[in-house]
Amino acid sequence: MPTKYLHTMVRVKDLDASIAFYKLLGLEETRRYDSENGRFTLLFMAPPDQPECPVELTYNWDGDDGLPSDGRHFGHLAYRVDNIYEMCQHLMDNGVTINRPPRDGHMAFVRSPDNVSIELLQEGDDLPPAEPWASMGNTGHW
């Protein structure tokens, strides 16, 4: 019985803030579904060369008082990047906190505006340790 990955769904409190965050990661909108009767929006975003690997942002029009919470019942989203230092600098320059810096030139963690943990992994070989990352401490948790 074959299985095919479809998407990962996360609930978001502020759709615009979440779209902006995922765009900083390089994702783009691939499709959107607005339900007038259900009063929700499903917005799918994926890397440009991987439209088959979307994250579904579920936005309830009437709000969701439980968001953002720190429920990590699904774990995290993970994306491979060409240069982890450049991506982390890009995110920091745009106000994103680097929770686990890429001290090893291989892995970093950040959080979306809705408290979703995002893992960033270096493509290919690890980059050599570099400042400010090598001596940067953790902030919060991931």
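Asn115 is partly exposed, with a relative accessible area of 23%, and this residue belongs to the loop that lies between strand 7 and strand 8. The structure is a predicted model, and in it Asn115 takes a positive phi of about 70 degrees although it is not a glycine. Arg39 is another residue with a positive phi, here of about 55 degrees, although it is not a glycine either. The points below go through the loops, the two sheets, helix 2 and the largest pocket.

**Loops and backbone details**

- Arg39 sits in the loop between strand 2 and strand 3, and because its relative accessibility is 36%, between the limits of 20% for buried and 50% for exposed, it counts as partly exposed.
- The two strands on either side of this loop form a hairpin with 4 residues between them, and it is in this hairpin that Arg39 takes its positive phi near 55 degrees.
- A cis peptide bond, with omega near 10 degrees, leads from Glu131 to Pro132, and Pro132 has its place in the segment after strand 8.

**The sheet with the order 1-4-3-2**

- Four strands make up an open sheet whose order is 1-4-3-2 and whose pairing is mixed.
- Strand 1 (8–12) and strand 2 (28–35) stand at the edges of this sheet, and because each has a single partner strand, one side of each is left without a neighbour in the sheet.
- On average, and with direction ignored, neighbouring strands of this sheet are turned by 20 degrees against each other.
- In general, the strands of a sheet pair through backbone hydrogen bonds, and they do so either parallel or antiparallel.
- The parallel sense is found between strand 1 and strand 4, which pair over 5 bridges, and in this part of the sheet Val10 has Leu57 of strand 4 as its bridge partner.
- The antiparallel sense is found between strand 2 and strand 3, which pair over 7 bridges, and it is found again between strand 3 (residues 40–46) and strand 4 (residues 55–60), which are joined by 6 bridges.
- Leu42 can be followed across the sheet in two directions, since Tyr33 stands opposite Leu42 in strand 3, while in strand 4 the bridge partner of Leu42 is Thr58.
- A further pair is made by Phe40, which stands opposite Asn60 in strand 4.

**The sheet with the order 5-8-7-6**

- Another open sheet is formed by 4 strands in the order 5-8-7-6, and its pairing is mixed.
- The edge strands here are strand 5 and strand 6 (98–100), each of which pairs on one side only.
- Neighbouring strands of this sheet are turned against each other by 35 degrees on average, with direction ignored.
- Strand 7 (residues 107–111) and strand 8 (residues 117–122) run antiparallel and are joined by 5 bridges, and within this pairing Phe109 stands opposite Glu119 in strand 8.
- The loop between strand 7 and strand 8 is the one that holds Asn115, the residue described at the start.

**Helix 2 and its two sides**

- Helix 2 covers residues 84–93, and in this helix Ile84, Tyr85, Met87, Cys88 and Leu91 are buried.
- Seen down the axis of helix 2, these buried residues fall within an arc of 165 degrees, so they line one face of the helix.
- On the other side of helix 2, by contrast, Glu86 and Asp93 are exposed.

**The largest pocket**

- The largest pocket holds about 410 Å³ of space.
- It is lined by 20 residues, and the closest to its centre are Pro47, Asp49, Gln50, Tyr79 and Arg80.
- Strand 5 (residues 77–81) gives the most to this lining, with 5 residues.
- Sorted by class, the lining of the largest pocket has 13 nonpolar, 3 polar and 4 charged residues.

Methods: Residues numbered from 1 in each chain as written. Predicted model: local features only at pLDDT ≥ 70, side-chain atom pairs only at ≥ 80, totals over all residues. Heavy atoms only, no water. Pairing = 2+ DSSP bridges. Axes fitted to C-alpha atoms, helices over the stretch in contact; angles between N-to-C directions. 1 Å grid on protein atoms, 1.4 Å probe; cavity = no way out; pocket = protein on both sides within 12 Å on 5 of 7 lines; lining within 4 Å. Points joined across faces, edges and corners; volume = space filled by probe spheres on them. Nonpolar A, V, L, I, M, F, W, Y, C, P; charged D, E, K, R; others polar. Buried < 20%, exposed > 50% of the residue type's maximum accessible area, 1.4 Å probe, protein only. Arc of directions from axis to C-beta.
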